[in-house]
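Trainee: I'm new to this one. Can you walk me through it?
Mentor: Sure, take a look first.

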Amino acid sequence: MSVDFLATAVVVILGIAVLVAIPLTMMASAIPYASFSAPSNRHEFISRKVVVLGLVAVFAGGCLMGIGAWLARGDSRYGALSALVMTSMALFGTGLLTVGLSPLPSWLLEVLGPFAERWPASVRLAVRDLAQRRARAAVAITLVMVTTAFGLALMIIVVGQTAQSRAEYQPSGRLGSLLVQPRSTFGLPFSAADAVAVRAAMERELPGVPIAQSESVPDPSSFWADAESVEMPEEAFSWREVIGDEKVLRYLTGDQSTPYDENTAVVITSADVRVDSVNLSYKRDDKDGTMVSKAVRAVAARTSDPHMEGVFVPSKIVRDLGFQLQPMDLIVDPTLHRTTAEEQRRLDDRLDDAVARVYVERGFEASTWWRSVATLAFLAAVGCAPAAGFGRVANSRQARVMRRIGKGTNAAFRLFCAFRAGVSALCGTVLGAFLGCAAGISLLWPLTVRGGWEDPARVSFETPWTLVVAVVAGVPVLAAVLGAVFARERPHIPAPPAGRSWVHEVG
């Protein structure tokens, strides 16, 4: 590995770290900015300068997010640097938008105060209490906003990327089939000794199970087959041709009654076509690289799986051309035996990882790791909402009022604490839903750009609005329940009379 390559890699890694750290720092700065924007006196109004600066940051962040998504909207191919720049623009915009929204919790409490006077006593006192301790409440609401936005953005991005990955997925074989493939960098076949050892291991772990074996010429690039009258789909799993015996043919078609003739090629297709011949192109001499073409008799066979379409060439035809065939894939047909996860694990433990790769085709499997992360983020939002009622701030006055309303019971005070946590969570969740949806949708475009010519076109993204609504409705309800469960009255500690010190009180 050259020194220039290492230096370039270090520069790229540092650049990515800086680009990611800056928007994360901006998002983290939203917490102190929310506390700074809240007036110390509940009768004061929020500074208009703070509101204007927040609106400017929201506008700048929205523009950056929109530009990043707009640049990535095309269906052309993008290099790694272009994708990084567009993603960085969306990240910077998200950071600015987060900072710009951080004064809104204090402004919301200021606006909700007059409206709350017409609401029931529990809600009115809860909003009044939040407005009275506006700095603490603004921080709690901002924490709910950030954690909710993170969970929603992650959910939107992963759902969109999953749809794109599903479109890009190329199966390696029929659903349920076991494939043992050579662990070769350049797609070279097994050596004779490795093939014997692999087959022996499979026979020990899967006694009595038929094993099909596809074959290949020593240099796969020196031989290929083509059926001019049949257009193969781009999603076909195999190369132009598959070489083997009747077991391989019947594995490809999925029909054990498919007729086999060792002198006849088979075009496997889902189209209703007639095929008379197949052209074989091959190099007779590797030194001069001259290509030779030969037409062989062929028939068509139907398949219901478009990923299995291709040209099957019997091994005898290829050997008659002068090639020494080598084992390529060892296959267990799912029609004859369904390999279990335990069988796959035992076979994988028995085989050398440097020689063979054990794979069972189970179709596209969406990742689920993000669900735990998003759930933790939403639970953190639920836990942050009641934080506005914590601390050594007296609430005995509200407790006395609520007990008087509730005829001496503690249920009214718990209802007050529930509404206080629920209102705090509702404000933060609504802001977080706006921020998270904007961040998720804008970041999804640059994160799903096409990086190569073989990548499929971008699929249409479906934003999980049902889950978004469920989060916006569920987080405040859970926070209210949590606030009611952990409601604790703190005794009122009167302040000492003015002009007298604690020494005089003791004396």
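Mentor: One definition to start: buried means under 20% relative accessible area, exposed means over 50%, and partly exposed is in between. Also, this is a predicted model.

Trainee: OK, so is Arg-350 buried, exposed or partly exposed?
Mentor: Arg-350 is partly exposed, because its relative accessible area is 42%.

Trainee: Which side chain does Arg-350 meet in a salt bridge?
Mentor: That of Glu-205, at 2.7 Å, N to O. The pair links distant parts of the chain. Glu-205 is in helix α8 and Arg-350 in helix α11, 145 residues apart.

Trainee: And Glu-205, buried or exposed?
Mentor: Glu-205 counts as buried, because its relative accessibility is 13%.

Trainee: Which residues are linked with those two in a network of salt bridges?
Mentor: Glu-342, Arg-345, Arg-346 and Asp-349 are linked with Glu-205 and Arg-350.

Trainee: Let's stay on α11. Which of its residues are buried?
Mentor: Glu-343, Gln-344 and Leu-347 are buried in α11, which spans residues 341-350. They cover an arc of only 100 degrees around the axis, so they sit on the same side of α11.

Trainee: Why would residues three or four places apart point the same way?
Mentor: Because an α-helix has 3.6 residues a turn.

Trainee: What's exposed on the other side of α11?
Mentor: Ala-341 and Asp-349.

Trainee: What do the buried residues of α11 pack against?
Mentor: Against β1 (178-182), α8 (192-205) and β10 (356-360).

Trainee: Back to salt bridges. How many does the structure hold?
Mentor: Ten. One of them joins the side chains of Asp-333 and Arg-174, at 3.0 Å, N to O. That pair also links distant parts of the chain, 159 residues apart. Asp-333 is in the loop between β9 and α11, and Arg-174 is in the loop between α7 and β1.

Trainee: Are those two buried or exposed?
Mentor: Both Asp-333 and Arg-174 are buried.

Trainee: What does Asp-261 meet in a salt bridge?
Mentor: The side chain of Arg-297, at 3.1 Å. Asp-261 lies in the loop between α9 and β5 and Arg-297 in strand β7, so the pair ties together parts 36 residues apart in sequence. Asp-261 counts as partly exposed, at 33% relative accessibility. Arg-297 counts as partly exposed too, at 49%.

Trainee: New topic: strands. How many bridges join β6 to β7?
Mentor: Seven, and the two strands run antiparallel. Asn-279 has Ala-295 as its bridge partner in β7. Four bridges join β3 to β6, again antiparallel. There, Phe-223 has Tyr-282 as its partner in β6.

Trainee: How many residues are in the largest nonpolar core?
Mentor: It has 21 residues. Phe-223, Val-278 and Val-318 are among those with the most contacts inside it. The largest share of this core, three residues, comes from β6.

Trainee: What does Val-318 touch?
Mentor: Leaving out residues up to four places away in sequence, its contacts include Val-217, Phe-223, Ile-243 and Phe-323. A second, separate core has 20 residues, including Ala-374 and Ala-433.

Trainee: Where does Thr-429 sit?
Mentor: In helix α14, residues 411-447. Thr-429 counts as buried because its relative accessibility is 0%. Beyond residues up to four places away, Thr-429 touches Val-144, Thr-148 and Val-471, among others.

Trainee: Last one. What's the mean pLDDT of the chain?
Mentor: The mean is 79, and 77% of residues reach 70 or more. Over residues 1-5 the pLDDT is below 50. Over residues 498-507 it is below 50 as well.

Methods. Residues are numbered from 1 along each chain as its sequence is written. This is a predicted model: local features need pLDDT of at least 70, side-chain atom pairs count only at pLDDT 80 or more; totals for chains, interfaces and linings use all residues. Side-chain values use heavy atoms; hydrogens and water are left out. Buried means under 20% relative accessible area, exposed over 50%, partly exposed in between (1.4 Å probe, protein chains only). The arc is that of the directions from the helix axis to the C-beta atoms. Contact means heavy atoms within 4.5 Å. Two strands pair if DSSP finds at least two bridges between them. A nonpolar core is a set of buried Ala, Val, Leu, Ile, Met, Phe, Trp, Tyr and Cys residues joined through side-chain atoms within 4.5 Å. pLDDT is the predictor's confidence in each residue, from 0 to 100. A salt bridge is a side-chain nitrogen of Lys or Arg within 4 Å of a carboxyl oxygen of Asp or Glu.
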